[in-house]
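Reader: I've got a model open and I'd like to talk it through with you. Could we go piece by piece?

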Amino acid sequence: MTLPALQNTSVLYRRVLSQFPQDISLAFAYGSGVFKQNGTSQGQMGKNMLDFVFAVDDPVTWHTMNLMQNRKHYSVLKFLGPRKISWIQDEHGAGVYYNTLVPVDGRIIKYGVISTDSLIDDLLHWKTLYIAGRLHKPVKILVQGENGKLRAALVGNLKSAVTASFLMLPESFSEEDLFLQIAGLSYAGDFRMVIGEDRSKVANIVKENVQHFRILYNNILQECPQVDKSPEGQFVQLMALPRTLQQRITRLVDPPGKNRDVEEILLQVAQDPDCGSVVQQGISSIVKSSSITQTAKGIATAGLLKSLSYSTKKLQKMWKGWRMKTP
């Protein structure tokens with residue numbers, strides 16, 4: 001899972017991590033401050049916000065320690081205490097608690113905290129596809145513990161991304177087509193792609209990072225190098241999809257009141273010429289729900305002023321991307 005990112009950045013990441021409680025099962029950095037994107041200069045990268053996710057076994061203990069070390073990172077919610085913060089983290093949105101626009105060691109960072117159990121659940125079942133979707137794309141792994149279940153879930157998440165993409169792609173496609181499909185999974189249905197994000201974001205991610213995608217998916221693609229578009233082949237792939245996606249597909253296809261079992265419904269979908277479209281709609285329904293609820297939660301966890309500042313920066317990037325495409 002460890003991927004090469006930018007040169008000479010390991011010292012920076014170590015310094016950032018040293019500012020936080022060290023009981024972390026997985027830490028990774030991602031986004032345009034870590035991996036070059038199309039249309040972004042090296043100089044601009046150094047100014048971009050650095051994005052992190054920390055998976056922790058015990059969120060209450062971690063937030064208790066972090067509130068002592070970094071109380072200023074939190075919005076007014078810090079007055080609720082670590083137990084309530086952990087409850088907000090686990091029970092609302094996508095199971096992740098973000099502190100954003102935090103100055104650390106001369107850079108501006110955003111970091112999300114998720115419980116290890118919630119992360120494993122999302123990786124295996126795509127319950128929200130929020131953090132699992134970020135891990136479909138190249139990231140820089142900074143800390144990875146010895147949790148075997150988490151390691152297996154990380155690989156399973158990548159396999160699921162390939163399986164879902166194979167179902168949505170035509171019989172013949174290029175390597176770049178595949179990576180574009182994979183990178184776009186977690187943006188399908190995301191309302192922020194309509195307002196707040198550069199609409200060419202997926203292409204910008206892939207074009208500059210094809211080699212990173214190759215490294216990430218090489219072993220999996222060697223195991224399943226061909227796409228089987230026969231009904232039998234598609235049924236096998238549908239049965240291998242994460243549980244939440246299977247459930248969403250079932251709701252889309254099965255009329256209310258029939259209550260057929262999942263296997264019967266997926267067999268029907270496998271024979272449908274629009275099988276890929278049904279899978280796409282299922283993914284979109286997961287992403288739409290989690291993107292709305294997590295964004296609403298983000299306003300509370302960031303605070304109003306930081307939320308306005310963050311949203312303004314996103315809109316500026318969206319406007320810049322639109323202007324670059326306009327002749």
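Author: Sure. One definition before we start: two strands count as paired if DSSP finds at least two bridges between them. Keep in mind, too, that this is a predicted model.

Reader: Fine. Which residue in β4 does F52 stand opposite?
Author: β2 and β4 (residues 107-115) pair in the parallel sense over seven bridges. Along that pairing, L50 sits opposite I109 in β4. For F52, the residue opposite in β4 is Y111.

Reader: And on the β1 side, which residue stands opposite F52 in β2?
Author: β1 (residues 26-30) runs antiparallel to β2, and five bridges join them. The β1 side of F52 is taken by A29.

Reader: In what order do the five strands of the open sheet come?
Author: Start from the edges, β3 (96-104) and β5 (140-144), each of which pairs on one side only. The pairing across the sheet is mixed, and neighbouring strands are turned by 20° against each other on average, direction ignored. The order reads β3-β4-β2-β1-β5.

Reader: How many of the residues of β2 are buried?
Author: In a regular strand the side chains alternate between the two faces of the sheet. In β2, L50, F52, F54 and V56 are buried on one side, and D51, V53 and A55 are buried on the other. Strand β2 is therefore largely enclosed by the rest of the structure, and its buried count is seven of seven.

Reader: What angle does the direction of α5 make with that of β4?
Author: Helix α5 (residues 116-125) packs on the sheet, where it touches β1, β2 and β4. The angle between the directions of α5 and β4 is about 85°.

Reader: T116 belongs to that helix. How far is T116 from A55 in space, C-alpha to C-alpha?
Author: T116 has 3% relative accessibility, so it counts as buried. Beyond its neighbours within four places in sequence, T116 is in contact with S25, A55, V56, D57, N147 and L150. T116 and A55 are 61 residues apart in sequence, yet the C-alpha to C-alpha distance is 5.1 Å.

Reader: On to the nonpolar cores. Which helix gives the largest share of the largest core?
Author: In soluble globular proteins, nonpolar side chains tend to be buried together. The largest nonpolar core here has 62 residues, and I131, Y217, L238 and I283 touch the most other members. The largest share of this core is 10 residues, and they come from helix α7 (residues 148-168).

Reader: How many residues are in the second, separate core?
Author: Y13, V16, I88 and V102 are among its members. The size of that second core is 26 residues.

Reader: Back to the largest core. Which residues does I283 touch?
Author: I283 is one of the residues touching the most other members of that core. Residues up to four places away in sequence are not counted here. The contacts of I283 are W126, L129, A164, M168, L185, A188 and L245.

Reader: L129 is on that list. Is L129 buried or exposed?
Author: L129 lies in the loop between α5 and α6 (131-134). L129 has a positive phi of about 60° although it is not a glycine. Its relative accessibility is 2%, so L129 counts as buried.

Reader: D105 also has a positive phi. What is the relative accessible area of D105?
Author: D105 is in the loop between β3 and β4, and its phi is near 55°. D105 is partly exposed, with a relative accessible area of 39%.

Reader: Now helix packing. Is α7 oblique or roughly perpendicular to α10?
Author: The axes of α7 and α10 (residues 210-223) are 10 Å apart and the packing angle is about 60°. Angles of 65 to 115 degrees count as roughly perpendicular. The angle here makes α7 to α10 oblique.

Reader: And which residues of α12 meet α13?
Author: The axes of α12 (residues 243-253) and α13 (residues 262-270) come within 10 Å and cross at roughly 70°, which means α12 is roughly perpendicular to α13. On the α13 side, the contact is made by V262, I265, L266, Q268 and V269. From α12 come Q246, I249, T250 and V253.

Methods:
Residues numbered from 1 in each chain as written. Predicted model: local features only at pLDDT ≥ 70, side-chain atom pairs only at ≥ 80, totals over all residues. Heavy atoms only, no water. Buried < 20%, exposed > 50% of the residue type's maximum accessible area, 1.4 Å probe, protein only. Helix = DSSP H or I, 4+ residues; strand = E, 2+ residues; numbered from the N terminus. Core = buried A, V, L, I, M, F, W, Y, C linked by side-chain atoms within 4.5 Å. Contact = heavy atoms within 4.5 Å. Axes fitted to C-alpha atoms, helices over the stretch in contact; angles between N-to-C directions. Parallel < 35°, antiparallel > 145°, perpendicular 65-115°, else oblique.
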